[in-house]
Amino acid sequence: MKVLLGIGGSDESQRALDETVARAAETDDELTIAIFEKPGVERDPDEIEATARERLDEAGVDATIRHLEGDPGSKLVQIAEAEEYDQLVIGGGEVSPMGKIQLGSVTEFVLLNAQVTVKLVR
C-alpha cells in the first residue's frame, strides 16, 4: 500500500509516526513522511525529521521524507490525491473533559476534504 504520513511534531504526530512505521515494517508499505510546521509546537522541522529518521532506522524501513510549505492540511490532501496514495495517515484528536474528540485544524481539514482513505491515530 502507498501511504502518506503527515507529521507536525505534536505528541499525536509522534504516535502516528510510531504506529505507521511499525505497520510499514510488517507489511512493506511504500511510505512517504510529510513534515509540516504546526503553530504552538516547539519542535522544529529538522528535529522532527531527525526523530523520523531514527524511528525508520530502528525499524529497518525505507521511506521518503519531504517538507511541506504552506497550509499543511491542503498540501497533504493535494499530495495524497495528485500522487495517488492509498492512505493518508495523520495524528490528532484529544478527548475533552466531556468525552468528545477535539480535532486540530490540520486534522479536521484533512478528514473533511481528503478523497483518499484517512487513518486518524489518537
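Select S4 and helix H4 (105-113) to begin: each gives at least two residues to the lining of the largest cavity. The coordinates come from a predicted model. The lining to display is Ser-10, Ser-13, Phe-36, Lys-38, Ile-90, Gly-91, Val-106 and Thr-107. The space they line has a volume of about 40 Å³. In total, 2 cavities of 30 Å³ or more are counted.

**The loop between S1 and H1**

Keep Ser-10 from that lining and colour it. Ser-10 sits in the loop between S1 and H1. Is Ser-10 buried or exposed? Its relative accessible area is 10%, so Ser-10 is buried. Beyond its neighbours within four places in sequence, Ser-10 is in contact with Lys-38, Val-41 and Arg-43. Lys-38 also belongs to the cavity lining.

Now select Gly-9, which is in the loop between S1 and H1 as well. Gly-9 is buried, with a relative accessible area of 3%. Show Gln-14, Val-41, Arg-43 and Ile-48, which Gly-9 touches when residues up to four places away in sequence are not counted. Val-41 and Arg-43 are also contacts of Ser-10. Then draw a distance from the C-alpha of Gly-9 to the C-alpha of Phe-36: they are 8.1 Å apart in space, with their positions 27 residues apart in sequence. Phe-36 is another residue of the cavity lining.

**Helix H1**

Follow the chain into helix H1, residues 11-27. How far apart are the end C-alpha atoms of H1? They are 24 Å apart, which agrees with the 24 Å that its 17 residues should span at 1.5 Å a residue.

Select the buried residues of H1: Glu-12, Ser-13, Gln-14, Ala-16, Leu-17, Thr-20, Val-21 and Ala-24. An α-helix has 3.6 residues a turn, so residues three or four places apart point the same way. To see what these buried residues pack against, show S1, S2, H2, strand S4 (87-91), strand S5 (94-95) and strand S7 (117-121).

For contrast, pick Ala-22, also in helix H1. Ala-22 is partly exposed, with a relative accessible area of 37%. A line from its C-alpha to that of Gln-102, 80 residues apart along the chain, covers 26 Å.

**The nonpolar cores**

Return to Leu-17, one of the buried residues of H1. Which residues does Leu-17 touch, not counting those up to four places away in sequence? They are Leu-5, Ile-7, Ile-33, Thr-51, Ala-52 and Arg-55.

Leu-17 is a member of the largest nonpolar core, which has 17 residues. Select Leu-5, Ile-7, Leu-17, Leu-31, Ile-33 and Leu-56, the residues with the most contacts inside this core. At least two residues of the core come from each of strand S1 (2-7), helix H1 (11-27), strand S2 (30-35) and helix H2 (45-59). H1 supplies the largest share, 4 residues. Another core, of 15 residues, lies apart from this one; its members include Ala-34, Leu-68, Leu-88 and Ile-90. Ile-90 has already appeared in the lining of the largest cavity. In soluble globular proteins, nonpolar side chains tend to be buried together.

**The loop between H1 and S2**

Go next to Asp-28, just after H1. Asp-28 is in the loop between H1 and S2. Its phi is near 60 degrees, a positive value in a residue other than glycine. With a relative accessible area of 68%, Asp-28 is exposed.

Step on to Asp-29, in the loop between H1 and S2. Asp-29 is buried, its relative accessible area being 8%. Which side chains make polar contacts with the side chain of Asp-29? One is that of Arg-23, at 2.9 Å, and another is that of Thr-27, at 3.0 Å. Leaving out residues up to four places away in sequence, Asp-29 touches Met-1, Val-3, Arg-23 and Ala-24. Ala-24 is one of the buried residues of H1.

**Last stop: Glu-84**

Finish at Glu-84, in the loop between helix H3 (72-82) and S4. Its phi is near 55 degrees, again a positive value in a residue other than glycine. Glu-84 is exposed, with a relative accessible area of 64%.

Note on methods. Residues numbered from 1 in each chain as written. Predicted model: local features only at pLDDT ≥ 70, side-chain atom pairs only at ≥ 80, totals over all residues. Heavy atoms only, no water. Core = buried A, V, L, I, M, F, W, Y, C linked by side-chain atoms within 4.5 Å. Buried < 20%, exposed > 50% of the residue type's maximum accessible area, 1.4 Å probe, protein only. Contact = heavy atoms within 4.5 Å. Expected span 1.5 Å × (residues − 1). Polar contact = N/O pair within 3.5 Å; in protein donor to acceptor, adjacent residues only side chain to side chain. 1 Å grid on protein atoms, 1.4 Å probe; cavity = no way out; pocket = protein on both sides within 12 Å on 5 of 7 lines; lining within 4 Å. Points joined across faces, edges and corners; volume = space filled by probe spheres on them.
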